[in-house]
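The exercises below are meant to be worked with the sequence and the coordinates side by side. Each one sets a task and then solves it step by step.

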Amino acid sequence: MTFDRSIKIAPSILAADFANFGAECAAIEAEGADWVHVDVMDGHFVPNITFGPATCAAIRPHIKGVMDVHLMIAPVDPYIDAFAQAGADVITAHIEAGPHIHRTLQAIRASGPKAGLALNPGTPAESVAELLDLTDLVCVMTVNPGFGGQKFIDMSAKIKTLRSMIGDRPIHIEIDGGVDPTTAPIVAAAGADVLVAGSAVFKGGSVTNPAPYGENIKAIRAAAEGVYV
């Protein structure tokens, strides 16, 4: 991975066809996706169960670019090595998932991937102040985590605060939840550069008809880049 602040679209496979993950990953990349976002949920930290390391390992050969693994699980630390070995390029843990997030970030970096830190809507930007030097990505949740297709919660003030706190550090600001062509300009204007989108990317398409994926990705990117500075 190389760092830059250009807009990156990271479709969430939570909205993909579960029976065709490999083909779906290849299709969204062919249609312009920059990253592939994998939402891992445990039914404990969030009220849903999705994927584990085996799924990540299975789809890794089908992904040419960045596999962005978002762990909505608690505890996190016992599973870091498994997701790293499965091929994650970024592993993101929630600051709310345990008492020793500093140790978690150290462990992620030591295992090889970039280290991400996710904040739920109720968690203030200031909570990451002492963690930024161990962080490669801050994921701002714009929904309460657990399910796809939720309504966007405007976190512009938090994003702007984070952008100011980050300064010239090479840290991405990622947005996860309710991103579409209407909300993308809001978060991009506030300073985000990685936009996770699930249903807004996959709607209208399929592995046998992937063209709508490309149209959706282009629409989100164009909306975001229209205001991004």
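Just after α1, G32 takes a positive phi of about 115 degrees. The model is a predicted one, in which local features need pLDDT of at least 70 and side-chain atom pairs count only at pLDDT 80 or more, while totals for chains, interfaces and linings use all residues. Residues are numbered from 1 along each chain as its sequence is written, and side-chain values use heavy atoms, with hydrogens and water left out.

**Exercise 1. The surroundings of helix α1**

Task: Determine how many of the residues of helix α1 are buried, and which elements these residues pack against.

Solution. Helices (H or I, at least four residues) and strands (E, at least two) are DSSP runs, numbered from the N terminus, and α1 covers residues 21–30. Buried means under 20% relative accessible area, exposed over 50%, and partly exposed in between, with a 1.4 Å probe and protein chains only. By this criterion seven of the 10 residues of α1 are buried, so the helix is largely enclosed by the rest of the structure. The buried residues are F21, G22, E24, C25, A27, I28 and E29. They pack against β1, β2, α2 (53–59), α7 (199–202) and α8 (211–225), where contact means heavy atoms within 4.5 Å.

As a next step, take G22, which belongs to helix α1 and is buried with a relative accessible area of 14%. When residues up to four places away in sequence are not counted, G22 touches I59 and H62. The C-alpha atoms of G22 and I63 are separated by 8.0 Å, although these residues are 41 apart along the chain.

**Exercise 2. The cysteines**

Task: Establish how many disulfides the model contains, and where the nearest cysteine sulfur to that of C25 lies.

Solution. A disulfide is a pair of cysteine sulfur atoms within 2.5 Å, and by this rule the count comes to zero. C25 is in no disulfide, the nearest cysteine sulfur being that of C56 at 9.5 Å. For C56, likewise in no disulfide, the nearest cysteine sulfur is that of C25. C25 counts as buried at 0% relative accessibility, and C56 is also buried at 0%.

**Exercise 3. The sheet and its edges**

Task: Give the strand order of the sheet, and explain why one side of β1 and of β2 is left without a neighbour.

Solution. Eight strands form an open sheet in the order β1-β8-β7-β6-β5-β4-β3-β2, with parallel pairing; two strands pair if DSSP finds at least two bridges between them. β1 (8–11) and β2 (35–41) stand at the edges with a single partner strand each, so one side of each has no neighbour in the sheet. Neighbouring strands of this sheet are turned by 25 degrees against each other on average, direction ignored.

Helix α4 (residues 101–111) packs on the sheet, where it touches β4 (90–94) and β5, and its direction makes about 150 degrees with that of β5. Here axes are lines fitted to C-alpha atoms, for helices over the stretch in contact, and angles run from 0 to 180 degrees between N-to-C directions.

The individual pairings can then be followed across the sheet. β4 and β5 are parallel and pair over five bridges, with A93 having L117 in β5 as its bridge partner. β5 and β6 pair in the parallel sense over four bridges, and A118 has C139 in β6 as its bridge partner. Three bridges join β7 (residues 172–176) to β8 (residues 194–197), and E174 stands opposite V194 in β8. As for accessibility, five of the six residues of β5 are buried.

**Exercise 4. The setting of D136**

Task: Locate D136, decide whether it is buried or exposed, and find which side chain it joins in a polar contact.

Solution. D136 is found in the loop between β5 (114–119) and β6 (137–141). With a relative accessible area of 13%, D136 is buried. Its side chain makes a polar contact of 3.0 Å with that of R109; such a contact is a pair of N or O atoms within 3.5 Å, and within protein one must be able to donate a hydrogen and the other to accept it, while residues adjacent in sequence count only if both atoms are side-chain atoms. Leaving aside neighbours within four places in sequence, D136 is in contact with R109, K114, A115, P170, I171 and H172.
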